[in-house]
Amino acid sequence: MTIKPLIILPDPLLRQASAPIERVDTEVQRLADDMLATMYDAPGIGLAAIQIGVPRRMLVIDVSREGEDKQPLVFINPEIITSSDERSVYEEGCLSIPDYYAEVERPARVTVKHLDRNGKEQIVEADGLLATCLQHEIDHLNGVLFIDYISRLKREMVIKKFTKAAKSKAL
């Protein structure tokens, strides 16, 4: 398992839609392991492949609490097939937008169809933090960031801040 560098805003790769994974093989499983290692090292609770520069439709999640056994989940080609009318609000953050948090309203429950790390089709019904995390990471696969759900003014301020930081690092 290799810890990969994270892609940080304003990198345009974060706005790219990811391509489906054609078949689950040892290379895809190795990518899942690298993604989990990177997510745990960050530390975070979710990571999309695009966040380490791989534009493929895969994400990893672990919403276990501190002190609990790790519960890593791998979602290959995830697709939300139903979402509730009921909404919930969570304060979200993102490993690609470090140290910025904002409240985001999303459906409270989702049903997600995906392939697991062995290529077997699974259906997960999620609520609470897992539902929010799944929606956040699936958004990444479509080139959408959580800041797209906040006001335009706040979003522009965040993008400006990260663009300025990226320019000063490049000097």
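This report describes strand pairing, the largest pocket and the cysteines of one structure.

The model is predicted, so that local features need pLDDT of at least 70 and side-chain atom pairs count only at pLDDT 80 or more, while totals for chains, interfaces and linings use all residues. Residues are numbered from 1 along each chain as its sequence is written, and side-chain values use heavy atoms, with hydrogens and water left out.

**Strands**

Helices (H or I, at least four residues) and strands (E, at least two) are taken as DSSP runs numbered from the N terminus, and two strands pair if DSSP finds at least two bridges between them. An open sheet of 5 strands follows the order β1-β2-β3-β6-β7 with antiparallel pairing. Its edge strands, each pairing on one side only, are β1 (46–48) and β7 (121–127). Averaged over the sheet and with direction ignored, neighbouring strands are turned by 40° against each other, where axes are lines fitted to C-alpha atoms, for helices over the stretch in contact, and angles run from 0 to 180 degrees between N-to-C directions.

The table sets out two antiparallel pairs.

| Strand pair | Bridges | Facing residues |
|---|---|---|
| β2 (58–61) and β3 (73–83) | 4 bridges | I61 and L73 |
| β4 (87–94) and β5 (97–107) | 7 bridges | E91 and E103 |

The connection from β4 to β5 is a hairpin of 2 residues.

**The largest pocket**

A pocket is an open set of points on a 1 Å grid over the protein atoms alone, where a 1.4 Å probe fits and protein lies on both sides within 12 Å along at least five of seven lines; lining residues have an atom within 4 Å of a point. The largest pocket holds about 400 Å³ of space, and among its 21 lining residues I45, E92, G93, C94 and Y101 are the closest to its centre. At least two lining residues come from each of β4, β5 and α2 (128–141). By class, the lining comprises 11 nonpolar, 6 polar and 4 charged residues, with Ala, Val, Leu, Ile, Met, Phe, Trp, Tyr, Cys and Pro counted as nonpolar, Asp, Glu, Lys and Arg as charged, and the others, Gly among them, as polar.

**Cysteines**

With a disulfide defined as a pair of cysteine sulfur atoms within 2.5 Å, the count comes to 0 disulfides. C94 is in no disulfide, and the nearest cysteine sulfur, that of C133, is 10 Å away. Buried means under 20% relative accessible area, exposed over 50% and partly exposed in between, with a 1.4 Å probe and protein chains only. C94 therefore counts as buried at 10% relative accessibility, and C133 likewise counts as buried, at 5%.

Key: Grid points are joined across faces, edges and corners, and a volume is the space filled by probe spheres set on the points.
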